[in-house]
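Work through the exercises below with the model open. Try each task before reading its solution.

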Amino acid sequence: MKKLLFIATLFTCITAFAQQKIHGAESFALTIPKDFQRTVGLNDYATIQFESLAPKPNSYGFVIFEHKDELKLADSNLDMIDYTLNSIEPYKTQKGFNYIKKPYVAYEQGFNYAYTEFETNDPESGHIYFLQTVIETKEFVYQILQYCSFENQKIMKSDFVKIVNSFKVE
């Protein structure tokens, strides 16, 4: 009887696990210019982190991605602007936070993109420029956050845009 009960329990567990299929990450690519390199330590949740090399001014960036199914567990209404606003919420508490460009959405290269540019001017960290891009693919939402000192914004912005435009799902 114990053996039969064990087999019935085992069969129930197997069928319970067979009812859901959970997908992991999709393969994506991001191209960084030759005067950048991969790095670590910028963000604990980032899957890719990069920084500029001399003679370029110090600039940094990272990519975080989340599966849309997991985001729907927290909120069934996935809105690119709301996601963008929520993801930059920690920066809004820093001194000198100011939007350079408020979040807006565009459809490019087959994906929804949300862009925002902002600055902070905190005595501790200095005057910082940020370009944040959120990209929505079929199953994932990617956040690319890039930043540099505010005075180097004009120099670095073209590299930041090239990096964002290189995003591809393979």
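The exercises go from the whole chain to strands, a helix and aromatic rings.

**Ground rules**

This is a predicted model, in which local features need pLDDT of at least 70, side-chain atom pairs count only at pLDDT 80 or more, and totals for chains, interfaces and linings use all residues. Residues are numbered from 1 along each chain as its sequence is written, and side-chain values use heavy atoms, with hydrogens and water left out.

**Exercise 1. Judge the confidence and find the part to set aside.**

Step 1. Take the average. pLDDT is the predictor's confidence in each residue, from 0 to 100. The protein averages 85, and 84% of the residues score at least 70.

Step 2. Look for the weak stretch. Over residues 4-18, pLDDT stays under 50. Contact means heavy atoms within 4.5 Å. Residues 4-18 have zero contacts beyond four places in sequence.

Step 3. Draw the consequence. Where pLDDT is low, the predicted coordinates should not be read in detail.

**Exercise 2. Describe the fold in outline.**

Step 1. Count the elements. Helices (H or I, at least four residues) and strands (E, at least two) are DSSP runs, numbered from the N terminus. The protein has five helices and nine strands.

Step 2. Read their order. From the N terminus on, it is α-β-β-β-β-α-α-α-β-β-β-β-α-β.

Step 3. Check burial. Buried means under 20% relative accessible area, exposed over 50%, and partly exposed in between (1.4 Å probe, protein chains only). Of the 170 residues, 40% are buried.

Step 4. Check contact range. Among contacts with a separation of 6 or more, 48% come from residues 24 or more positions apart.

**Exercise 3. Trace the pairing from strand S5 to strand S8.**

Step 1. Fix the criterion. Two strands pair if DSSP finds at least two bridges between them.

Step 2. Start at S5 (residues 98-108). S5 pairs with S6 in the antiparallel sense over eight bridges. Lys-101 has Glu-117 in S6 as its bridge partner. The hairpin between S5 and S6 has two residues in between, and Gln-109 in the turn has a positive phi of about 50°.

Step 3. Move to S7. S6 and S7 run antiparallel, joined by 11 bridges. Ala-114 is bridged to Val-134 in S7. Three residues make the hairpin link from S6 to S7.

Step 4. Finish at S8 (residues 140-149). S7 and S8 are antiparallel too, with nine bridges. Phe-130 stands opposite Tyr-147 in S8. This hairpin also passes through three residues.

**Exercise 4. Is Thr-133 buried or exposed, and what does Thr-133 touch?**

Step 1. Place the residue. Thr-133 lies in strand S7. Nine of the 11 residues of S7 are buried.

Step 2. Read the area. Thr-133 is buried, with a relative accessible area of 0%.

Step 3. List the neighbours. Leaving out residues up to four places away in sequence, Thr-133 touches Tyr-113, Ala-114, Tyr-115, Tyr-142, Gln-143, Ile-144 and Val-164.

**Exercise 5. Find the buried side of helix H5.**

Step 1. Check the span. H5 has 13 residues and reaches 18 Å from its first C-alpha to its last. The expected span (1.5 Å times one less than the number of residues) is 18 Å as well.

Step 2. Pick the buried residues. In H5 they are Gln-153, Met-156, Asp-159, Phe-160, Ile-163 and Val-164. They cover an arc of only 140° around the axis, so they sit on the same side of H5. The arc is that of the directions from the helix axis to the C-beta atoms.

Step 3. Turn the helix over. The face away from the buried side carries the exposed residues Lys-154 and Lys-162.

Step 4. Name the cover. Over the buried residues of H5 lie, among others, S2 (36-38), S3 (48-52), S4 (59-67), S6, S7 and S8.

**Exercise 6. Classify two aromatic pairs.**

Step 1. Set the rule. Rings of Phe, Tyr and Trp (its six-membered ring) pair if their centres lie within 6.5 Å; planes under 30 degrees apart count as stacked, over 60 as edge-to-face and the rest as tilted. By this rule the count comes to 19 aromatic pairs.

Step 2. Take Phe-111 and Phe-167. Their centres are 5.9 Å apart and their planes 75° apart, which makes the pair edge-to-face. Phe-111 is in S6 and Phe-167 in the loop between H5 and strand S9 (168-169), 56 residues apart. Both Phe-111 and Phe-167 are buried.

Step 3. Take Tyr-129 and Phe-160. This pair is stacked, at 6.4 Å centre to centre and 5° between the planes. The pair links Tyr-129 in S7 with Phe-160 in H5, 31 residues apart. Tyr-129 has a relative accessible area of 0%, and Phe-160 is likewise at 0%.
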